[in-house]
Every structure is written in structure tokens, then in C-alpha cells.
Amino acid sequence: MTESTADIAARLADDLDGTFPDLVRMLQDDVFGGALRMTGDRTDAEDVAQETFVRAYRALSGYPAARIRDLRVRGWVWTIALNLCRNRARSRSRKPVASLPEGLDPPSAAPGPEEEALAADTAGDLAGHLAALPWEQRRAVVLRHVVGLGYAEIAEAADRPVGTVKADVHRGLARLREAVPREEHR
């Protein structure tokens, strides 16, 4: 039987250090998978996932037990992860790519085994189209259909009304549906 997020919130309030690893185990795959779809980069997704849990632990350690018990943990963790994904995208757009110092050869352009496995895994899917969606739509589609959050949880994590989140998911899916037939006919 899997533990609910309400149960883990109660346990966190009573024993943060003993329960936090369980919270990480419960949410780590979702946070990493969602971050991977939002950032499009495995290293960025790993960094986002790790930083999400570091920030969550630091915040929880300063909260009173009553606040932790009332916390909707899954949505709250996703609020942190979404902010990190958005900040990473902003930061990346502002920083030019540095060139290698003279005399150093660039790493091989050939994909390694991990990249080949990821490419094979995503070859037929919508990863490229998903990455092209506007941020609000991508966030909503990823959280709804990749991570599996409900509309209320997404609304809480994204700090948007439920109706707006539903519209973002609908519009994002409509854009993805439009993109697929065009690519299939090429």
C-alpha cells in the first residue's frame, strides 16, 4: 500500500529527519521526469530535482509542525520545482554559450549510451513538440499527463486558477495534436 501525501505530511511534522527520505522516494521520479520534460536536458533535470528537495528540506525545517501537517506536500514540492525550472530557463537564455579555450578539443559529438537510450525512448514521442509549447501550456501538460497531478494540484503549484490550468492543458494538447499530423506527412 502506498502512503498518501497527507500521511507523509503528518509524519514530517512529527519527525522531519526520519521522514524526509520517504518524501524524496515518494516524489523523486515524478519531479525528475517532469523537470526533464520541462528543461529538455537530463543534467538540468537532475539539478532541478536535487535542488527542489534541498530547498524543501530547508523550508520544512523552519516551519512549525502545524503548518507542515496542513501542507499539501505534492503541490508544494512542485511549486518549488516549477520555480527552479523557470529560473533555469531564464538564466540559460541570458547566458551565452562559452567557447572552449584554444588547444582543447571539443568532446565527441557522437551520442553516448545514455543519449542513445534517451533518443530511442523519445524518438516517437512528442518531446520536441512539448518543448516548443509556451511555458504555461508545457507546465500544465507535463504536470497533468507526465506527472499525473490533478487540476487542483497543478493550480496550487502554478499559483493559477483551476479553470486557467484546464485551459492551458487543453490548448497545449491541441497544439500537440496539430503538430503531430504535420510531422507524420513529411
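The legends below accompany several close-up views of a predicted model.

**View 1. The whole chain is built from helices, with 10 helices and 0 strands.** Let us start with the overall picture. From the N terminus on, the order of elements reads α-α-α-α-α-α-α-α-α-α. The chain has 186 residues, and 33% of them are buried. Among contacts with a separation of 6 or more, 69% join residues 24 or more positions apart. The accessible surface amounts to about 11,400 Å², and carbon and sulfur atoms supply 50% of that area.

**View 2. The largest nonpolar core brings together 45 residues.** Within this core, Phe 20, Leu 60 and Trp 78 are the residues with the most contacts. Two or more core residues come from each of α1 (5-14), α2 (16-39), α3 (42-62), α5 (73-94), α8 (135-147), α9 (151-158) and α10 (162-184). Which residues does Leu 60 touch, leaving aside those up to four places away in sequence? They are Leu 12, Leu 16, Phe 20, Leu 23, Ile 68, Leu 71 and Trp 76. As general background, nonpolar side chains in soluble globular proteins tend to be buried together.

**View 3. Helix α1 buries Ile 8, Ala 9, Leu 12 and Ala 13.** Looking down the axis of α1, one finds its buried residues within an arc of 145°, so they line one face of the helix. Leu 12, one of these buried residues, is also among the residues that Leu 60 touches.

**View 4. Arg 69 and Asp 14 form a salt bridge between helices α4 and α1.** The two side chains meet at 2.6 Å, N to O. Because Arg 69 belongs to α4 (residues 65-70) and Asp 14 to α1, this pair ties together parts that are 55 residues apart in sequence. Arg 69 is partly exposed, at a relative accessible area of 41%, whereas Asp 14 is exposed, at 59%. The structure holds 11 salt bridges.

**View 5. Asp 44 and Arg 88 join helices α3 and α5 through a salt bridge.** Here the N to O distance is 3.2 Å. The partners are 44 residues apart, with Asp 44 in α3 and Arg 88 in α5, so to speak of distant parts of the chain is to follow the sequence. Is Asp 44 buried or exposed? Asp 44 counts as buried, at 6% relative accessibility, while Arg 88 is partly exposed, at 29%.**View 6. Within helix α2, Arg 25 and Asp 22 meet in a salt bridge.** Their side chains come to 2.4 Å, N to O. The two residues are 3 apart in the helix, a separation of about one helical turn. Arg 25 is exposed, at 53% relative accessibility, and Asp 22 is partly exposed, at 21%. Salt bridges that share partners also bring in Arg 11, making one network of Arg 11, Asp 22 and Arg 25.

**View 7. Arg 139 is a buried charge in helix α8 without a salt bridge.** Asp 168 has the nearest side chain of opposite charge, and it is 4.9 Å away. A salt bridge requires a nitrogen to oxygen distance within 4 Å. Which residues surround Arg 139, not counting those up to four places away in sequence? Arg 139 touches Met 38, Leu 82, Arg 86, Ala 158 and Arg 160. Also in α8 is Gln 137, which counts as buried at 10% relative accessibility. Beyond four places in sequence, Gln 137 touches Asp 168, Arg 171, Gly 172 and Arg 175.

**View 8. Gly 33 and Ala 45 are buried residues of helices α2 and α3.** Gly 33 lies in α2 and has a relative accessible area of 18%. From C-alpha to C-alpha, Gly 33 and Val 147 are 7.2 Å apart, although 114 residues separate them in sequence. Ala 45, in α3, has a relative accessible area of 0%. Its C-alpha is 8.1 Å from that of Gly 34, and the two residues are 11 apart in sequence. Ala 45 touches Phe 32, Ala 35, Leu 36 and Thr 39, leaving aside residues up to four places away in sequence.

**View 9. Asp 159 has a positive phi in the loop between α9 and α10.** The angle is about 55°, and Asp 159 is not a glycine. Where does its side of the chain stand, buried or exposed? Asp 159 is exposed, with a relative accessible area of 70%.

Notes. Residues are numbered from 1 along each chain as its sequence is written. This is a predicted model: local features need pLDDT of at least 70, side-chain atom pairs count only at pLDDT 80 or more; totals for chains, interfaces and linings use all residues. Side-chain values use heavy atoms; hydrogens and water are left out. A nonpolar core is a set of buried Ala, Val, Leu, Ile, Met, Phe, Trp, Tyr and Cys residues joined through side-chain atoms within 4.5 Å. Buried means under 20% relative accessible area, exposed over 50%, partly exposed in between (1.4 Å probe, protein chains only). Helices (H or I, at least four residues) and strands (E, at least two) are DSSP runs, numbered from the N terminus. Contact means heavy atoms within 4.5 Å. Lys and Arg count as positive and Asp and Glu as negative; His and the chain ends are not counted. Accessible areas come from the Shrake-Rupley method with a 1.4 Å probe; for residues, only the protein chains shown count as cover. The arc is that of the directions from the helix axis to the C-beta atoms.
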